[in-house]
Structure formats: structure tokens, C-alpha cells
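This briefing sets out the computed features of one protein model for use alongside the sequence and coordinates. The points are grouped by topic.

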Amino acid sequence: MRTKLALSFAAVAAGVTALVGFLSYDAAARLVRVDQQAVFDEVVHDLRQQVTQQTLRPGDFTSGDPDHDGPRDDLTRPAGTDVQVLGPGGAVVDAGSPRLPVDAAARRTADTPKAGTRAEDDEVVIDGDVYRMATVALGGGRGAVQVAQEFSDTEDLLRELQKRTVLFALAVVAAAGLFGWWLARRITSRLVRLAGTAEHVASTGRLDVAVPVEGGDEVGSLGRSFDRMLGRLARSVEDQRRLVQDAGHELRTPLTSLRTNISLLRRIDELPPAAREELVADLADESRELTDLVNELVDLAAGKEDEEPVVTVALADTAEDAATLARRRTGRTVVVRTEGDTAVRGRAAQLQRALSNLVENAAKFDPEGSTAIEIVVSRGAGSPAVRVEVLDRGPGLAADDAERVFDRFYRAPAARSLPGSGLGLSIVRDVAAAHGGVVFAAAREGGGAVFGFTVRGAEPGASDSP
């Protein structure tokens, strides 16, 4: 990127400088040449006026005028032209410096009777220098005056200007390239550091590295995004590590119990009938608890089921389904009450799983079954969320436990002797968070507990969409 930016700057500078230099040089060259030609034409015009208005002889143009105010000085003063005087027949009376050539046209002009006659302009080369020259007749065959102006000096000046323009253009291109390299270095330095950080993370696997996030431009925004991504990835890795550790801790208890009971199976013939039945029941309970724990771990490790379509779900119907399932599994009486519009936008399977977990939790903590488990699904007037509550008449809930009961693997002291993994309520919390809601738990008036969650309601006119 640095090389590309430097070359781009140099290319743009080269194009602009070449265009501006060419236009400037062409304009300057035209101006200088036209000005020199205009001055020469003016000198020749003045000479023709002099010889037509006055009767002048070759001696009037000689260089021997002591006052320097004669006709010759009028010709040389404005433009530094060279003057050479010709007599009759084209004889050189007063040679110029340098001496100008006299050709047949100049001789005919010197013998012309009409004053002011001008021979064709010639470009002549004298001692390697180029001159423009004009011959003007004095009239009456008295001779002529030759005027010459060197323009090779002008061309030398223009060539020098051209050379300096080229050198200036090269200097500008070089400066633009260096500036482009410097600017690219400043722009890409943070990208280079960011790329180095990414390579360091990829090679070492460490996520606790400092990410360069300075600046408010796109590079700074990229650095901040990369830093947030690393932060979320680090939290995800930490969550996975904690999940594995907690899962390993929770799995040890049922596995240890299973190994103990399996070792007793070798002596099952020696056990009394009551002990045999207790051993088989214990094995069934432990295997069922282990199965439930593994299933919940798999669901928890898989995260949110984003592949499930988001549809409009009537939580009243979901509550009825959960109640029917709980009646069949536990034999308990489950009552459903609904208030208001219970339609929400969400994932049906996840919401049913959350409700089922709450109902099973209530059945577990109220094993006597003397009273019905209640499911209340309500939505207040003007409320944007639907509230789901599961009420039981179990042992209740301490205030300290209410704050932690939805944490993974947390088991309240009263629940540690009961079957369960400590993951069911944490799944409820994740489902509620995925649907824009929150979980809650509190002691129920008159005994028992209230567990539940809220779900963001469906928008008016919303339709099913995957």
C-alpha cells in the first residue's frame, strides 16, 4: 500500500507538472518570440520612415557620430540591433559587428531609386549564430541600410527555460513520491501494527493483547472493532472454559454414584429384595439425571439456535403445550391463565423449552403436589412486553438465592438434595435475553415461589418471516 500510494502521488504529480510545465513554457516561448519579432519590425518600420521622410546618405548611418544621436543610434538603441551601411552597388561602407552578408537582393535594394524599399527578410547564420535581417533602400541609388537582430540568444534562453522546467518537474515528482511515501507510512503504520497484533493473536492464541485503537478515522474504527471482537472472543473462550470446568464438576457426582451402584450389581444375588429394588431405582434415577444433565449441557454449549425461524408465537398456546407436557410427565395439576394479547415475535421451540423448564422446576420443588402449579401469561394495557409467571407452593425462595438462582450450576441449599443439574434456569435466562426480556424470581405470598420471564411483544402488522 505504501508503494502504491507513493507511485500514485508521483504519477499524479508527474501528469500535473508536465501539463502545467508544457503550457507555461509554450506560453512563455510564444510571448518572447512574438515580442522579439515585434521589436524588430518596429525598428525596420522606423528606418523606412526615416529614409522616406528625409534624404539620407550612407554617411548619415556611419558609427562615427560623436553625439550618438544620429539615425544609426535610433536603430540600435531600442533593441540592440546590428546595423551595416551599404553604398551604391551594395559596397560595404560601414560594416556591422559582426559583418553581415551582402547578397544579390541586398545589392539590388542599394541601387533602387525608391527610398524605403525593403528586401525580403532573411535568416542568416553568422559565426554559428542565427540572425533575422532586413535591407532598406536609401533611395536614388545611394545605397541601403541592413538591420540584423540575433535570435539565437532568445532560443538559447528558451532552451535553458525548458531545461529548468524539466528539472523542476522531476524535482516535483520526486518530492511528491517522497511525500506520498511519508503519508502512506503515517496512514499504514497503524494498519501494520494492527496486522502485527492479528498475526500475534493467530500465532500465540492469546486474546489479552493490546490493540492500537488511536485515531477517529476508518483505521481507528477498525482497531476499535478488532479490540471489541477480541474482547467478545476472550469472554466466549472464558465462558467455554468455565462451562467445561463446571460441567466436569457436576458430572462427577452422578458418575461416581453410577460406578458405586454398578459395583454392587456384582453382588446383587446376595442382596435382599428390598435392597435390589432400591439399587435398580437408584440406577434409573442416576442415569436419568445424567441424561438430563448431558442434554442440557449440549443445549447450553450450542448457544442460541439462530437457525430456528422467528415467527409470531402465541404464548398462551405455548403455555398450554407446556402444561400438557408437565401433566403427562409428573401427573401434577397445572393451571394456565392468560390476560391480554400474548402474541410475541420469537422462536417457538426456545420459548416452549423455557416454559417447560420453569414448570418442571416448580414440580421438583413441590413434590407433594397438594396444590396446582399455575402458569400466568399476561400483557398489561399499553405494555410492550408479555410477562410469563410460574407459581408454586413449594418451600419458597430466600432473598439471597433469588439473585443467583439463574446462574449456571447454581444450586440453592434447599435444592442440593434434589435431582437436577442447575442448568435449567440458566437456559431460561438465555432464552429471555435472546427475546429482549429479563428473568425474575421471588417468594410467593402465602408460601412458595414465583419464577418467570418477559418477552418483547409482537409489532403491529408483523408477519412470519424466517
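**Structural briefing**

Helix α1 spans residues 2-53 and contains V16. The model is predicted. Its secondary structure comprises 10 helices and 12 strands. The sections below treat the surface, the sheet with its helices, and the salt bridges.

**Overall composition and surface**

- The protein has 466 residues, of which 38% are buried.
- The accessible surface of the protein amounts to about 26,200 Å², and carbon and sulfur atoms contribute 55% of that area.
- Among contacts in the protein with a separation of 6 or more, 64% are between residues 24 or more positions apart.
- A nonpolar patch of about 600 Å² on the surface is formed by V12, V16, L19, V20, F22 and L23.
- V16, a member of this patch, has a relative accessible area of 48% and is therefore classed as partly exposed.
- In an α-helix there are 3.6 residues a turn, so residues three or four places apart point the same way.

**The five-stranded sheet**

- An open sheet of 5 strands is arranged in the order β7-β9-β10-β12-β11, and its pairing is mixed.
- The edges of this sheet are β7 (334-339) and β11 (439-443), each of which pairs on one side only.
- From one strand to the next, the twist averages 15°.
- Strand β9 (residues 373-378) pairs with β7 in the parallel sense, over 6 bridges.
- The bridge partner of E339 is S378, which belongs to β9.

**Helices packed on the sheet**

- Helix α8 (residues 348-365) lies across β7, β9, β10 (385-392) and β12 (449-456), and runs at about 175° to β12.
- Helix α10 (residues 424-434) also packs on the sheet, where it touches β11 and β12; its direction makes about 25° with that of β12.
- Within α10, the buried residues include G424, L425, S426, I427, V428, V431 and A432.
- Just after α10, G436 adopts a positive phi of about 70°.

**Salt bridges**

- The structure contains 5 salt bridges.
- Side chains of opposite charge can pair when their charged atoms come close.
- D341 and R379 form one salt bridge, with their closest N and O atoms 3.7 Å apart.
- This pair links distant parts of the chain, 38 residues apart: D341 is in the loop between β7 and β8 (343-346), and R379 is in the loop between β9 and β10.
- The two partners differ in burial, because D341 has a relative accessible area of 48% and is partly exposed, whereas R379, with 19%, is buried.
- R387 and E389 form another salt bridge, in which the closest N and O atoms are 2.8 Å apart.
- In this pair R387 is partly exposed at 35% relative accessibility, while E389 is buried with a relative accessible area of 17%.
- D430 and R429 meet through their side chains in a salt bridge of 3.7 Å, N to O.
- D430 is partly exposed, with a relative accessible area of 28%, and R429 is partly exposed with a relative accessible area of 28%.
- R337, E374 and R444 are joined in a network of salt bridges.

Technical notes
Residues numbered from 1 in each chain as written. Predicted model: local features only at pLDDT ≥ 70, side-chain atom pairs only at ≥ 80, totals over all residues. Heavy atoms only, no water. Pairing = 2+ DSSP bridges. Helix = DSSP H or I, 4+ residues; strand = E, 2+ residues; numbered from the N terminus. Axes fitted to C-alpha atoms, helices over the stretch in contact; angles between N-to-C directions. Contact = heavy atoms within 4.5 Å. Patch = residues over 30% accessible without salt bridge, like charges linked within 9 Å, V, L, I, M, F, W, Y side chains within 5 Å. Areas by Shrake-Rupley, 256 points an atom, 1.4 Å probe, with all protein chains shown as cover. Salt bridge = Lys/Arg side-chain N within 4 Å of Asp/Glu carboxyl O. Buried < 20%, exposed > 50% of the residue type's maximum accessible area, 1.4 Å probe, protein only.
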